[in-house]
Amino acid sequence: MVTIKDVAKLAGVSIATVSRSLAEPDKVSEKTRNKVIQAVEESGYVANTLAQNFRRRRSNTVLVLVPDIANPFFANIIQGIEQVARQFKYRVLLGDTQGYDENERIYSDLVSHKQADGIICLGRNIPFPYRKGRQSLDPAWPPFVMACEYHRDIPVPAVGIDNVAAAEVGVRHLLSLGHRHIAYIDGPEDSILCEDRLQGYKNALQSSQLRFEKGLVAQGDFTIASGYRAMTTLLQRKLRPSAVFCANDEMAIGAMQACRDAGCELPGDISILGFDDIVFAEYTSPRLTTIHQPRNEIGERAMTLLLDILSGASSAANRVILPFSLELRDSTKRLK
């Protein structure tokens, strides 16, 4: 087996220089780097593709930052990314950040270390320093695309749906069923998607000349447990809502369980509307009416957009808006 010592001997440099040439090529001279690459190719050390990657400055790997790998919402997006990546012979590296800034920065350093060519971010944070109100991307940033989320302050390339319009369609469905006392279970307060969905909820109420009541908004964090807690709070109101719009399906599932535990009939006593159309939505009892997001296509378009940026075919901060749909199932019912 060829070792790094053999490569160093063949190139006429030290082992440390070989290591530095492969891990941090910018820190060695072009002449030395070429000698090391030639030695790698001649010896077959760590396969010739490693040397080829450093020569063309590409790893053929993209980094996908996931806020919570256990959240089923992200599964189809990642599948869509993988499908396009395989077509273009790219590898996908997943980073489960758990929403922590430090984890995002650590993973993002892989790009500066040439271990990945670009980043697709499924969360709401930008893992690089930025100044609010900036009208263009920082040229120091690596190729970067947001999927589902987007950024108001900087025109970051992004793929997703119109969340304001989607929420408005969902709440108007509840209004069409005769509901007028409609509550909303919100997601994380710092999520732009939740801001948009809350705005859509308000727009739908306004279109029916209904007053927005802050007391009908309960706070969640996108988890099933938070949906359960928020619904429990809403059920303690003197005047219970007849319908509840949830900012995602997981919170809707938690809300449904809270209703059952409180002895409420679904959807006879309370109608529940979700958002996302995760795989479990069709298997709840009753089956969950929800807003469908084209998650697989979001992943495909995000990967395609990143490849366009990497190839130089696109440098603009495009925001791609995809269609959504209302999936009518059994958790919503006309008010008696």
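**A walk through the sheet, the cores and one buried threonine**

Let's start with a pair of residues: Thr61 stands opposite Arg91, which belongs to strand E2. Please keep in mind that everything I show today comes from a predicted model.

So, where does that pair sit? Strand E1, residues 61–66, runs parallel to E2, and the two are joined over six bridges. As general background, strands of a sheet pair through backbone hydrogen bonds, in either a parallel or an antiparallel way. Helix H5, residues 73–87, packs on the sheet and touches E1, E2 and strand E3, which covers 118–121. The direction of H5 makes about 155° with that of E2. Helix H6, residues 101–112, also packs on the sheet, with contacts to E1, E2 and E3. For H6, the angle to the direction of E1 is about 170°.

Now let's step back to the whole sheet. It is open, has six strands, and follows the order E2-E1-E3-E4-E5-E11, with parallel pairing. Which strands form the edges? They are E2, residues 91–96, and E11, residues 319–322, and each of them pairs on one side only. From one strand to the next, the twist averages 20°.

On to the nonpolar residues. In soluble globular proteins, nonpolar side chains tend to be buried together. Here the largest nonpolar core has 42 residues, and the members that touch the most others are Ile185, Tyr201, Met231, Val244, Phe245, Ile270 and Ile272. Several elements each supply at least two residues, including helix H7 (163–176), strand E6 (182–186), helix H8 (192–207) and strand E9 (271–276). Which element gives this core its largest share? That is H10, with six residues.

Take Val244 as an example. Beyond its neighbours within four places in sequence, Val244 contacts Ala183, Ile185, Met231, Leu234, Ile270, Ser271, Ile272 and Leu273. Apart from this core lies another, of 29 residues, among them Tyr90, Ile298, Met303 and Leu306.

Let me finish with Thr332, found in the segment after strand E12, which spans 325–327. Is Thr332 buried or exposed? Thr332 has a relative accessible area of 12%, and so it counts as buried, because the cut-off for buried is under 20%. What surrounds it? Leaving out residues up to four places away in sequence, Thr332 touches His173, Leu174, Leu177, Pro267, Ser271, Ile272, Leu273 and Thr289. With Thr289 there is also a polar contact, side chain to side chain, at 3.2 Å.

Thanks for listening!

Conventions
Residues are numbered from 1 along each chain as its sequence is written. This is a predicted model: local features need pLDDT of at least 70, side-chain atom pairs count only at pLDDT 80 or more; totals for chains, interfaces and linings use all residues. Side-chain values use heavy atoms; hydrogens and water are left out. Two strands pair if DSSP finds at least two bridges between them. Helices (H or I, at least four residues) and strands (E, at least two) are DSSP runs, numbered from the N terminus. Axes are lines fitted to C-alpha atoms, for helices over the stretch in contact, and angles run from 0 to 180 degrees between N-to-C directions. Contact means heavy atoms within 4.5 Å. A nonpolar core is a set of buried Ala, Val, Leu, Ile, Met, Phe, Trp, Tyr and Cys residues joined through side-chain atoms within 4.5 Å. Buried means under 20% relative accessible area, exposed over 50%, partly exposed in between (1.4 Å probe, protein chains only). A polar contact is a pair of N or O atoms within 3.5 Å; within protein, one must be able to donate a hydrogen and the other to accept it, and residues adjacent in sequence count only if both atoms are side-chain atoms.
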